[in-house]
Amino acid sequence: MDTLAEVARVVSACTDCQLHAGRTNAVPGEGPDAAELLFIGEGPGFHEDRQGRPFVGPAGNFLEDLLQSIGMTRDQVYIANMVKCRPPENRDPSPSEIAACSKYLDRQIELLDPLLIVTLGRFSTARFIPGQSISRVRGRLRRVNGRHIFPIMHPAAGLRRQEMRAAIEEDFAKIPGLLDVLRIQSEPASEGPQVRETGASFEPTPSQQSRSLWDVIAPTEPESSGSETEAPAPAELDEPNDPPPGQQRLF
Ligand code: SF4
């Protein structure tokens with residue numbers, strides 16, 4: 001599989017797990033070959049299965065609204081899923097199904113080589129940051145095996161609960177700044193802000209003149225809503241645990 005189009009062709013004929021039996025269409029993913037930004041969701045739902053495209057139902061509409069809020073369109077980003085065929089009744093994909101399908105996502109990531117990977121929800125986040133809840137790690141950039149990972153809650157969660165919607169919007173607003181800094185960082189001769197390769201946390205150096213990752217992604221204090229039950233759960237605002245070997249928390 002040397003191109004994204006070839007990955008899509010192979011996926012469309014794949015029978016490597018039981019999910020192939022119930023699909024109308026496989027949903028390989030879509031977007032430009034040179035996309036800087038890769039979104040990874042969980043798996044196709046009813047609308048995605050019918051159309052063979054990712055995020056085209058209500059959650060997809062919300063994702064498009066979120067992209068519009070940061071001045072982007074879905075034509076500019078690559079959108080993929082952990083599993084490429086719809087689980088029956090929209091159940092969670094099983095570990096064996098995720099394992100069987102991971103080769104396609106692995107290859108998509110290799111071919112795209114995106115600046116930033118935004119994981120949408122717990123399944124795709126667990127692929128890079130296993131063993132931690134999405135509510136603890138969301139909205140915080142990590143470097144995992146050389147990839148920059150930015151977990152966000154799944155847009156479908158934002159359709160169900162208003163406080164989740166606010167958290168998703170808050171995290172999404174950080175994406176343009178992250179891309180700005182990562183673009184600078186990816187330029188070999190850049191003297192711009194650098195992400196330290198060692199150490200547990202990111203601290204901007206005094207010489208940094210432009211926006212640093214810290215400016216972009218520093219967590220905000222929760223505003224008082226007057227209702228404790230409507231405020232984000234404290235766990236969502238806690239510092240996550242130290243990342244395991246192979247991962248680097250950048251702030
Ligand atoms: S979910 Fe993935 S591994 Fe399973 S049949 Fe579809 S493409 Fe193949």
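**Exercise 1. Determine how strand β4 pairs with β5 and describe the hairpin they form.**

Solution. Strand β4 covers residues 142-144 and pairs with β5 in the antiparallel sense, over three bridges. The model examined here is predicted. Step one is to find a residue pair across the two strands: Arg142 stands opposite Ile149 in β5. Step two is the turn. Two residues lie between the strands of the β4 and β5 hairpin, and Asn145 there takes a positive phi near 50 degrees.

**Exercise 2. Identify the sense in which β3 and β5 pair, and name a bridge partner in β5.**

Solution. Strand β3 spans residues 116-120, and its pairing with β5 is parallel, over four bridges. Within this pairing, Ile117 has Ile149 of β5 as its bridge partner. Ile149 can also be located relative to Leu116: the two are 33 residues apart in sequence, while their C-alpha atoms are 6.2 Å apart in space.

**Exercise 3. Decide whether Ile149 is buried or exposed, then do the same for its strand.**

Solution. Begin with the position of Ile149, which is in strand β5. Next, count neighbours: 23 other C-beta atoms lie within 10 Å of Ile149. The cut-off for a buried residue is 20 or more, so Ile149 is buried. Then list the contacts. Beyond four places in sequence, Ile149 is in contact with Ile117, Thr119, Phe128, Ile129, Arg142 and Val144. Finally, consider the strand as a whole. β5 runs over residues 147-152, and five of its six residues are buried, so the strand is largely enclosed by the rest of the structure.

**Exercise 4. Compare the settings of Phe55 and Glu89, given that each has a positive phi without being a glycine.**

Solution. Phi is about 50 degrees for Phe55 and near 55 degrees for Glu89. Both residues are in loops: Phe55 between α2 (46-51) and α3 (58-69), Glu89 between β2 (78-81) and α4. The neighbour counts within 10 Å then settle the burial. Phe55 has 27 C-beta neighbours and therefore counts as buried. Glu89 has 7 and therefore counts as exposed.

**Exercise 5. State which residues touch the most other members of the largest nonpolar core, and trace the contacts of Leu38.**

Solution. The largest nonpolar core holds 54 residues, of which Leu38, Phe39, Ile40 and Val118 touch the most other members. Setting aside neighbours within four places in sequence, Leu38 is in contact with Tyr78, Ala80, Ile109, Leu112, Pro114 and Ile117. For the chain as a whole, 40% of the 251 residues are buried. Of the contacts with a separation of 6 or more, 69% join residues 24 or more positions apart.

**Exercise 6. Describe the shell around the ligand by its closest residues, its composition and its main contributor.**

Solution. The ligand is surrounded by 14 residues, the closest being Cys14, Cys17, His20, Cys85 and Cys101. By class, the shell has nine nonpolar, two polar and three charged residues. Its largest share, three residues, comes from helix α4 (residues 95-112). This helix is one of 11 in the chain, which also has six strands.

**Exercise 7. Assess the confidence of the prediction along the chain.**

Solution. The average pLDDT is 82, and 75% of the residues score at least 70. Over residues 192-212 the pLDDT is below 50, and this stretch has 33 contacts in the model beyond near neighbours in sequence. Residues 218-243 also stay under 50, with 29 contacts beyond four places in sequence.

Note on methods: Residues are numbered from 1 along each chain as its sequence is written. This is a predicted model: local features need pLDDT of at least 70, side-chain atom pairs count only at pLDDT 80 or more; totals for chains, interfaces and linings use all residues. A residue is near a molecule or strand if its C-beta atom, placed from the backbone, lies within 6 Å of it. Ala, Val, Leu, Ile, Met, Phe, Trp, Tyr, Cys and Pro count as nonpolar, Asp, Glu, Lys and Arg as charged, and the others, Gly among them, as polar. A residue is buried if 20 or more other C-beta atoms lie within 10 Å of its own, exposed if 12 or fewer, and partly exposed in between; C-beta atoms are placed from the backbone. Two residues are in contact if their C-beta atoms, placed from the backbone, lie within 7 Å. Two strands pair if DSSP finds at least two bridges between them. pLDDT is the predictor's confidence in each residue, from 0 to 100. A nonpolar core is a set of buried Ala, Val, Leu, Ile, Met, Phe, Trp, Tyr and Cys residues joined through C-beta atoms within 7 Å.
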